[in-house]
Amino acid sequence: MATAHLDAARSANQEARYRGGMNAMSAAELDILVAEATVDCHDEDEQISGLYTMIVDNLALPFTTTVLGVEVTVGDVDLTDRGEIVTICRRGRFEQAIGILELPLPEEAPEGVEWIEAYRRWAG
């Protein structure tokens, strides 16, 4: 049921989201995504796992973004032993895990970035 509502919301706002950047989805739309990702979850760890799964399944990788003024490639998403969702960013031979809550998102959003925004809303 939530998926049908989400599909309608996505269709209605797709162009506006891409013109408006990451924050163009409404709180209600993000709440629908969070509900979809956490529907059968019993605790916070399961909710994080559900959101992580949706990010991994939907986020188009790799994509580039700028971290501290340097262009990096986001090549992977991981869930740490501490229950943190991190991105694996690379530049040349260097690699760094950056928390997905702290990752600056590019102006041209990759497909599936709404799941990062949903996770950020859930995390508060």
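Strand 2 (residues 70-79) and strand 3 (residues 85-91) run antiparallel and are joined by 6 bridges. Strands here are DSSP runs of E with at least two residues, and helices are runs of H or I with at least four, both numbered from the N terminus. Two strands count as paired if DSSP finds at least two bridges between them. The model is predicted: local features need pLDDT of at least 70, side-chain atom pairs count only at pLDDT 80 or more, and totals for chains, interfaces and linings use all residues. Residues are numbered from 1 along each chain as its sequence is written, and side-chain values use heavy atoms, with hydrogens and water left out.

**The sheet**
- The open sheet has 4 strands in the order 1-2-3-4, with antiparallel pairing.
- Strand 1 (63-67) and strand 4 (94-99) are at the edges with a single partner strand each, so one side of each has no neighbour in the sheet.
- From one strand to the next, the twist averages 45°.
- In the pairing of strands 2 and 3, Asp78 stands opposite Val86 in strand 3.

**Strand 1 and its hairpin**
- Strand 1 runs antiparallel to strand 2, and 5 bridges join them.
- Thr65 stands opposite Val72 in strand 2.
- The two strands form a hairpin with 2 residues between them, and Leu68 in the turn has a positive phi of about 50°.
- Side chains alternate along strand 1: Phe63, Thr65 and Val67 point to one face and are buried (under 20% relative accessible area, with a 1.4 Å probe and protein chains only).
- Thr64 and Thr66 point to the other face and are not buried.

Technical notes. Axes fitted to C-alpha atoms, helices over the stretch in contact; angles between N-to-C directions. Buried < 20%, exposed > 50% of the residue type's maximum accessible area, 1.4 Å probe, protein only.
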